[in-house]
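User: I am a first-year student, and I would like a close look at how the helices in the earlier part of this chain pack together. Please take me through that part slowly, and then show me how a few single residues elsewhere are placed.

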Amino acid sequence: MEILKDMYDAITAGDAKKTEELVTLALEQNMSPNKILDEGMLAAMNDIGENFKNGIVFIPEVLVAARAMNMGAVLLKPALMEEGVVSKGTVIIGTAKGDLHDIGKNLVRLMMECKGFTVVDLGVDVSAEKFVESAKEHNADIIACSALLTTTMVEMQRIVDAVSEAGLSTKVMVGGAPVTDAYCKSIGADGYTPDATSASEMALGFI
Ligand code: B1M
């Protein structure tokens, strides 16, 4: 579809204004919000990621693309939420200590909100202690931790240990590019999913 192709081009070019216009237009044309997210926005971000990995684009291009993607996602949120349901529970979300990547974490937050969760977003560079403090404060059902670096995913083990030491029944969900189901099991976390939509579905299963 032409509009999704244009959205892909706008995000890869880092054109936030054009991205916003195209998301608005797609919604006006009653296009499915999930289709817009998957085939227009995420497709672009995945290719930017590949090009970054292969040295074809560099940090500034990645950052402007991420900004365009985030601005489009804000416009998409109300439409995605219409497909959601009433409040389900509370999720504490954040990116692991030492890790500043937040694009995937923001998508997980968005999809959790769309499923009706109250989400407390602690941002990036979040320690195990901070996750647990916040889980206690908000009487949270789930802690959701994202990590994009092999060096920061180790914080997930600390979260599992800290939850157990605090005697909480809060479930711990983990995800992010280097994280696998095998890793999740090895640290005793409660669940891993490879993408934001399945993360929100798994979260519902914990309630
Ligand atoms: Co960085 N970076 N980066 N980076 N970056 C990666 C992750 C890397 C794989 C690139 C590479 O070298 N090939 C590599 C990590 C290598 C490794 O450890 N294995 C890397 C590196 C090395 C670094 C720096 C160290 C670079 C440097 O400075 N030398 C540095 C680290 C800074 C830090 O964190 N301390 C760094 C910095 C950056 C930017 C700031 C430029 C930028 C981040 C901007 C931002 O997030 N605001 C950036 C980006 C954008 C990337 C890539 C290109 C794209 C990541 C991304 O946003 N993908 C990435 C390469 C790649 O992945 N191909 C790379 C799109 C996003 C939608 O996917 O986050 O995977 P993702 O989320 C997915 C799923 O994983 C899942 O849902 C999402 C899709 O639906 N998911 C969950 C995510 N969290 C989940 C949680 C769940 C469940 C599912 O449950 C709780």
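**The helices α2, α3 and α4, and some single residues**

Analyst: Asn-30 is a convenient place to begin, since this residue sits in the loop between α2 (16–28) and α3. The model is a predicted one, and in it Asn-30 has a phi near 60 degrees, a positive value in a residue other than glycine. Most residues other than glycine have a negative phi. Asn-30 is also exposed, because its relative accessible area is 70%, where exposed means over 50%.

From this loop we can turn to helix α3, which covers residues 33–53, and to helix α4, which covers residues 59–82; their axes come within 11 Å and cross at roughly 170 degrees. That angle is why α3 is described as roughly antiparallel to α4, given that angles over 145 degrees count as such. The crossing of these two helices, α3 and α4, is left-handed. On the α3 side the residues that take part include Ile-36, Leu-37, Met-41 and Phe-52, and among those they meet in α4 as a group are Ile-59, Val-62, Met-69 and Leu-80. Sorted by class, this contact of α3 with α4 holds 17 nonpolar and 2 polar residues, with no charged residues.

Helix α4 also meets α2, and here the axes come within 8 Å and cross at roughly 25 degrees. The two helices, α2 and α4, are therefore roughly parallel to each other, since angles under 35 degrees count as roughly parallel. In this case α2 passes α4 in a right-handed crossing. The α2 residues in the contact are Ala-16, Thr-19, Glu-20, Val-23, Thr-24 and Leu-27, while α4 contributes Arg-67, Ala-68, Met-71, Gly-72, Leu-75, Leu-76 and Ala-79. This contact of α2 with α4 divides into 8 nonpolar, 3 polar and 2 charged residues. Gly-72, Leu-76 and Ala-79 of α4 are listed in the contact with α2, and they are listed in the contact with α3 as well.

Now for the single residues, beginning with Met-112, which is found in helix α5. Met-112 counts as buried because its relative accessibility is 0%, and buried means under 20%. Apart from residues up to four places away in sequence, Met-112 touches Val-91, Phe-117, Val-119, Ala-144, Met-173, Ala-199, Ser-200 and Ala-203. Of these partners, Ala-203 is 91 residues from Met-112 along the chain, yet their C-alpha atoms are separated by 7.7 Å.

Two serines can be read in a similar way. Ser-134 lies in helix α6 (residues 128–138), and at 6% relative accessibility Ser-134 counts as buried. When its neighbours within four places in sequence are left aside, Ser-134 is in contact with Ile-92, Val-120 and Leu-122. Ser-146 belongs to strand β3 (residues 142–146), and with a relative accessible area of 9% Ser-146 is buried. With neighbours within four places again set aside, the contacts of Ser-146 include Gly-94, Lys-105, Met-156 and Gly-176.

A last stop is the ligand, whose cobalt atom has His-101 as its only protein donor, through NE2 at 2.2 Å. His-101 lies in the loop between β1 (90–95) and α5 (103–114).

Technical notes: Residues numbered from 1 in each chain as written. Predicted model: local features only at pLDDT ≥ 70, side-chain atom pairs only at ≥ 80, totals over all residues. Heavy atoms only, no water. Axes fitted to C-alpha atoms, helices over the stretch in contact; angles between N-to-C directions. Helix = DSSP H or I, 4+ residues; strand = E, 2+ residues; numbered from the N terminus. Parallel < 35°, antiparallel > 145°, perpendicular 65-115°, else oblique. Left-handed = near helix turned anticlockwise from the far one by under 90°. Contact = heavy atoms within 4.5 Å. Nonpolar A, V, L, I, M, F, W, Y, C, P; charged D, E, K, R; others polar. Donors = N, O, S within 2.8 Å, 3.2 Å for Na, K, Ca; no water. Buried < 20%, exposed > 50% of the residue type's maximum accessible area, 1.4 Å probe, protein only.
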